[in-house]
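Work through the exercises below with the model open. Try each task before reading its solution.

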Amino acid sequence: MSDRLNRIYTRTGDQGTTALANGSRVAKTHPRIEALGTVDELNSLLGVLIADLEPEHALVNDLTPLQHDLFDLGGELAVADESYQVITEEVVEGLEVVLDRLNESLPPLKEFILPGGSRVAANCQLARSICRRAERRMVELGHEEYINPQGAAYLNRLSDLLFVAARILAREGTGEVLWQPRKQRS
């Protein structure tokens, strides 16, 4: 593999634009860059989440491939070409298989739950909420330009998977934190 970056800074973005992988330049506030940046933020938090788990924790094997998928999705956003699609219907279906398997171990929800139960569970909920934002940014971009609809579907399923993973992690910690409406807390 050849070197991808031989110098980290280029100074080409100092005027508020950035280059896409296709060579075009867009404003750093462009919806495509907002979507790409939010996917990157999500991927970073997944890295924190995985690092906080014991290496032998079962979720490590489920979460680690997601970072690669998110990098693929970021690549799609950076290339900005309809013909370049890595996130396919099969990738989304594979995520659904993992989601269903993880959810089988949980009791049905009877109440809303709050982020918490343990630090790692709360970080998983934070990742879920960032995932939802990434999905919104992709949908917003899709109103202006073509996006791979499977990318948005992937983020939708991923947020569900992160919710289920957070439930698992909370139950391994101090337990799920159930929402109590104000009238019940008084």
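The exercises move from the whole chain to the packing of its helices.

**Exercise 1. Judge the confidence.** The model is predicted. Find where confidence in the protein is lowest and where it is highest.

*Solution.*
- Start with the whole protein: the mean pLDDT is 92. Of its residues, 92% reach 70 or more.
- Then go element by element. Confidence is lowest in strand β1 (residues 17-19), with a mean of 78. Helix α3 (residues 89-104) has the highest, at 98.
- Keep one caution in mind: where pLDDT is low, predicted coordinates should not be read in detail.

**Exercise 2. Lay out the fold.** State how many helices and strands the protein has, and their order.

*Solution.*
- Count the elements: 6 helices and 4 strands.
- Read along the sequence to get the pattern β-β-α-α-α-β-α-α-β-α.
- Add the dimensions: along its principal axes the C-alpha trace spans about 55 × 40 × 30 Å.

**Exercise 3. Inspect α5.** Compare the span of helix α5 with the expected one, and find which side chain reaches a backbone nitrogen at its start.

*Solution.*
- α5 covers residues 149-172, which is 24 residues.
- From first C-alpha to last, α5 reaches 35 Å. At 1.5 Å a residue, 34 Å is expected, so the two values are close.
- At the start of the helix, look at Asn148. One of its side-chain oxygens comes to within 2.9 Å of the backbone nitrogen of Gln150.

**Exercise 4. Pack α4 on α5.** Are α4 and α5 roughly parallel or antiparallel? Describe the residues in their contact by class.

*Solution.*
- Take the geometry of α4 (residues 119-142) and α5: the angle is about 170°, and the axes lie 8 Å apart.
- Angles over 145 degrees count as roughly antiparallel, so α4 is roughly antiparallel to α5.
- The contact of α4 with α5 has 16 nonpolar, 4 polar and 4 charged residues.
- For handedness, α4 passes α5 in a left-handed crossing.

**Exercise 5. Bring in α1.** Work out how helix α1 is directed relative to α4 and to α5.

*Solution.*
- Begin with α4. Helix α1 (residues 31-52) packs with α4 at about 165°, with axes 9 Å apart. That makes α1 roughly antiparallel to α4.
- Turn to α5. The axes of α1 and α5 come within 14 Å and cross at roughly 25°. This angle is under the 35 degree cut-off, so α1 is roughly parallel to α5.
- Finish with handedness. α1 passes α4 in a left-handed crossing, and α1 also passes α5 in a left-handed crossing.

Key:
Residues numbered from 1 in each chain as written. Predicted model: local features only at pLDDT ≥ 70, side-chain atom pairs only at ≥ 80, totals over all residues. Heavy atoms only, no water. Axes fitted to C-alpha atoms, helices over the stretch in contact; angles between N-to-C directions. Helix = DSSP H or I, 4+ residues; strand = E, 2+ residues; numbered from the N terminus. Parallel < 35°, antiparallel > 145°, perpendicular 65-115°, else oblique. Left-handed = near helix turned anticlockwise from the far one by under 90°. Nonpolar A, V, L, I, M, F, W, Y, C, P; charged D, E, K, R; others polar. Polar contact = N/O pair within 3.5 Å; in protein donor to acceptor, adjacent residues only side chain to side chain. pLDDT = per-residue confidence, 0-100.
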